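This report goes through one protein model and its ligand. Please have the structure open while reading.

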Amino acid sequence: MVRTIKADVLVVGGGPAGLAMSLLLLRSGLSVALAEKSRSLEREYRGEILQPGGQEILHRLGVLRGARERGAYEHDAFRLRQGDRVLLDADYRRLPGPFNCLLSVPQAHMLTELLDACARFDSFTLLSGTRIGALLHEGGRVVGATGGGADGEREVRASVVVGADGRNSKVRRLAGIGTRRQEAFDQDVLWFKLPAPAVAGRRLVEVHRGAGAPVMVYHCHPDRLQVGWTLPHGGYREVAGRGVEHVREEIARAVPEHAEAVRAGIRSLKDVSLLDVFSAQADRWVADGLVLIGDSAHTHGPIGAQGINLALQDAVLLHPLLVAAVRGGDTSAAALSQFERRRRPVIAAVLKLQAMQGRMMLSSNPVATAVRPVMVRAVSHTPLYRKVLHRLAYGPDAPSVRADLFTAEPR
Ligand SMILES: Cc1cc2nc3c(=O)[nH]c(=O)nc-3n(C[C@H](O)[C@H](O)[C@H](O)COP(=O)(O)OP(=O)(O)OC[C@H]3O[C@@H](n4cnc5c(N)ncnc54)[C@H](O)[C@@H]3O)c2cc1C
């Protein structure tokens, strides 16, 4: 038998966007049903670098400290290196505190804290292990969705459905909304973790260029090294065809200081995961009774670590609009479109910045490589440096959490 649930808002997807959205709405007195296809909060193939903007939002939501206490590492800077030469150094310590670092926090820690906070509201219904497979329509508008899992079929009826189901969004497809994939970042990423003892002193998020393809490396909790080895789209088949020994040695050559860990940690090709990294923008973010946020509206790869920050900011920006729309009984596309109008130019600017960062990190032009450190040194004491750093940390036009709308108290 199909179980029917009623809520003011159905959120599809329990990632950073969906959980932050749920908590903001619950604290504002709305009832929320959250459908998440996975039963676990582990997101193996996701990065975990959180920019200052995202840290501030989690702090305002009261969950940052808990997430950090579960285990997290602070990184001082983002650095691009070629051998011993520093080509670029974005030093976050030059930003005003208290969020002047890049925080490496496992997604499970952040998501657990957000979910625990949501679960303190009686008006929250968690549909864990429920994969949304169809939208419900009435009078040409979306009025809910259906999905199923081990616990059976569910039908959720809501004033509005928030699609926060990530880069391969089912909700987006079901709503007939197309998406434009951008190949600005023409790379695939081989993603894996290696055991690594905790480092004393400064921690950095680094991209190593040099021998072989560029590699991204940072320490993550607990005592692991997260490695992202980039290679041209479709290039993995050729590399893998030469066997694990070849792959291992190529990576060891690219990060010689971690060569031992690479040799010990990569025993077979099963120890690495190939990820298709791309960016994209959905053609529309709103429809009558429906709004897309986070990666389902605009997809981000790992370059510049922007996706989580932007997903959280989407929720923050949409929050007051959704509260007003649900309370006012108008969740039409027209009522929701203010979100897309304000947010799309911001996202376009960040995607452009990420594409530029990608080109800069991956370009092998020898003139650019020689000139870049000189230019960076020259601007690093100017207001422009601070401005760019602030933009990386908070994004353009960062919205503030509307705590004045928090009317409901948790249990
Ligand atoms: C390799 C890689 C590394 C990255 N590193 C970083 C980084 O370091 N920092 C950073 O800021 N960003 C990073 N990003 C980008 C970042 O992961 C995303 O931008 C961010 O996770 C988007 O959050 P979201 O909540 O919109 O989507 P997601 O995190 O993708 O969450 C979507 C959720 O929806 C659920 N779902 C999907 N379909 C359904 C369905 N039909 N029914 C119910 N539930 C469903 C999924 O299980 C998932 O929990 C990286 C991306 C990649 C690919």
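## The ligand shell

Which helices and strands each supply at least two residues of the shell around the ligand? They are helix 1 (16-27), strand 2 (32-36), strand 9 (131-138), strand 13 (187-195) and helix 9 (307-328). Helix 9 gives the most, with four residues. The model is a predicted one.

There are 38 residues around the ligand, and those that come nearest are G15, G47, G166, G294 and G307. By residue class, the shell around the ligand divides into 16 nonpolar, 14 polar and eight charged. Residues of the shell come from both domain 1 (3-182 + 278-397) and domain 2 (187-276), so the ligand lies between the two.

## Two domains and their contact

The domain assignment splits the protein into domain 1 (3-182 + 278-397) and domain 2 (187-276). Between the C-alpha centres of domain 1 and domain 2 the distance is 26 Å. Their contact takes 23 residues from domain 1 and 24 residues from domain 2.

On the side of domain 1 that touches domain 2, two or more residues come from each of strand 4, strand 5 (77-82), strand 7 and helix 10 (333-362). Strand 5 has the largest share of this side, six residues. The residues on this side of domain 1 divide into 13 nonpolar, five polar and five charged.

## The nonpolar core

In soluble globular proteins, nonpolar side chains tend to be buried together. In this model the largest nonpolar core has 117 residues. The residues with the most contacts inside this core are V9, L10, A20, M21, V161, V291 and I293. Helix 9 gives the most to the core, with twelve residues, and helix 9 also gives the most to the shell around the ligand. The core draws at least three residues from each of domain 1 and domain 2.

A20 serves as an example of the packing. Leaving aside neighbours within four places in sequence, A20 is in contact with I57, L61, L114, L312 and A315.

## A three-stranded sheet

Strands of a sheet pair through backbone hydrogen bonds, either parallel or antiparallel. One open sheet in the model has three strands in the order 3-7-4, and their pairing is antiparallel. Strand 3 (49-50) and strand 4 (73-75) are the edge strands, each pairing on one side only.

Strand 4 and strand 7 (residues 102-104) run antiparallel and are joined by three bridges. Within this pair, Y73 stands opposite S104 in strand 7. Strand 4 and strand 7 are also among the elements that give two or more residues to the side of domain 1 that touches domain 2.

## Strand 15 and its partners

How many of the six residues of strand 15 (residues 215-220) are buried? Five are, and the strand is mostly covered.

Strand 15 pairs with strand 14 (residues 204-209) in the antiparallel sense over three bridges, and V207 stands opposite M216 in strand 15. Strand 15 is also joined to strand 16 (residues 224-232) by six bridges, again antiparallel. The bridge partner of C220 in strand 16 is R224. Strand 15 and strand 16 form a hairpin with three residues between the strands, where D223 takes a positive phi near 50°.

How values were computed
Residues are numbered from 1 along each chain as its sequence is written. This is a predicted model: local features need pLDDT of at least 70, side-chain atom pairs count only at pLDDT 80 or more; totals for chains, interfaces and linings use all residues. A residue is near a molecule or strand if its C-beta atom, placed from the backbone, lies within 6 Å of it. Ala, Val, Leu, Ile, Met, Phe, Trp, Tyr, Cys and Pro count as nonpolar, Asp, Glu, Lys and Arg as charged, and the others, Gly among them, as polar. Domain bounds come from an automatic or database domain assignment. A nonpolar core is a set of buried Ala, Val, Leu, Ile, Met, Phe, Trp, Tyr and Cys residues joined through C-beta atoms within 7 Å. A residue is buried if 20 or more other C-beta atoms lie within 10 Å of its own, exposed if 12 or fewer, and partly exposed in between; C-beta atoms are placed from the backbone. Two residues are in contact if their C-beta atoms, placed from the backbone, lie within 7 Å. Two strands pair if DSSP finds at least two bridges between them.
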